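Q: I have a fold in front of me and want to read it strand by strand. Where should I begin?

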Amino acid sequence: MSGGGGGGEWRPAPIQPKEGGGGIADPCDVSELTSLNSVDRTVLATVSTGNTLEVRFDPGPPRRLLAQTTAGQTVGSITSPAMAQIIQCIQNGRAYVAEIRSIQGGSCQVWVHSQ
């Protein structure tokens, strides 16, 4: 026998709009903490915790999201579950940044979010 117990069908909780906003959540409002991949140690040595890097789309192949200094030097690449969404939003004019949260040896942790 199977139990139905609660009745009705399951639905996910609604997404709450950000404070001060209203209506539907912005699908380009991505914000996540991640580590950079393929870090260039030479460029990494020129930045520090608290610096903001620009997130750029490189159509490749392969398609990549790059974290770059304002001088255009690539510190590393970003791999994200939201990568396809970020790429689409960049192509539609949205800008993203990667704020450096920590650097340990050749590892760099960044907070990626839209501007």
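A: The sheet comes first, then its strands, then one side chain.

A: This is a predicted model, where local features need pLDDT of at least 70, side-chain atom pairs count only at pLDDT 80 or more, and totals for chains, interfaces and linings use all residues. Residues are numbered from 1 along each chain as its sequence is written, and side-chain values use heavy atoms, with hydrogens and water left out.

Q: In what order do the six strands form the sheet?

A: Strands are DSSP runs (E, at least two residues), and helices are too (H or I, at least four), numbered from the N terminus. Two strands pair if DSSP finds at least two bridges between them. Here six strands give an open sheet, ordered β1-β6-β5-β2-β3-β4, with antiparallel pairing. The edges are β1 and β4, each pairing on one side only. From one strand to the next, the twist averages 30°; axes are lines fitted to C-alpha atoms, for helices over the stretch in contact, and angles run from 0 to 180 degrees between N-to-C directions.

Q: How many bridges join β3 to β4?

A: Four, and the two strands run antiparallel. β3 covers residues 64-68, and β4 covers residues 74-78. Leu 66 stands opposite Ser 77 in β4. Ala 67 has Gly 76 as its bridge partner in β4. Val 55 also stands opposite Ala 67. β2 (residues 52-58) pairs with β3 over five bridges, antiparallel.

Q: Which turn residues have a positive phi?

A: In the β2-β3 hairpin, with five residues between the strands, Gly 60 has a positive phi of about 65°. The hairpin of β3 and β4 also has five residues between its strands, and there Gly 72 takes a positive phi near 90°.

Q: Is β3 mostly covered or uncovered, and what lies across it?

A: Buried means under 20% relative accessible area, exposed over 50%, partly exposed in between (1.4 Å probe, protein chains only). Four of the five residues of β3 are buried. Helix α2 (residues 83-91) lies across β2, β3, β4, β5 and β6, at about 70° to β3.

Q: Why does Glu 32 count as buried?

A: Because its relative accessibility is 17%. Glu 32 is in β1 (residues 31-35).

Q: What does the side chain of Glu 32 make a polar contact with?

A: A polar contact is a pair of N or O atoms within 3.5 Å; within protein, one must be able to donate a hydrogen and the other to accept it, and residues adjacent in sequence count only if both atoms are side-chain atoms. The partner is the side chain of Ser 80, at 2.5 Å. Contact in general means heavy atoms within 4.5 Å. Leaving aside residues up to four places away in sequence, Glu 32 touches Ser 80, Pro 81, Ala 82, Val 110, Trp 111 and Val 112.
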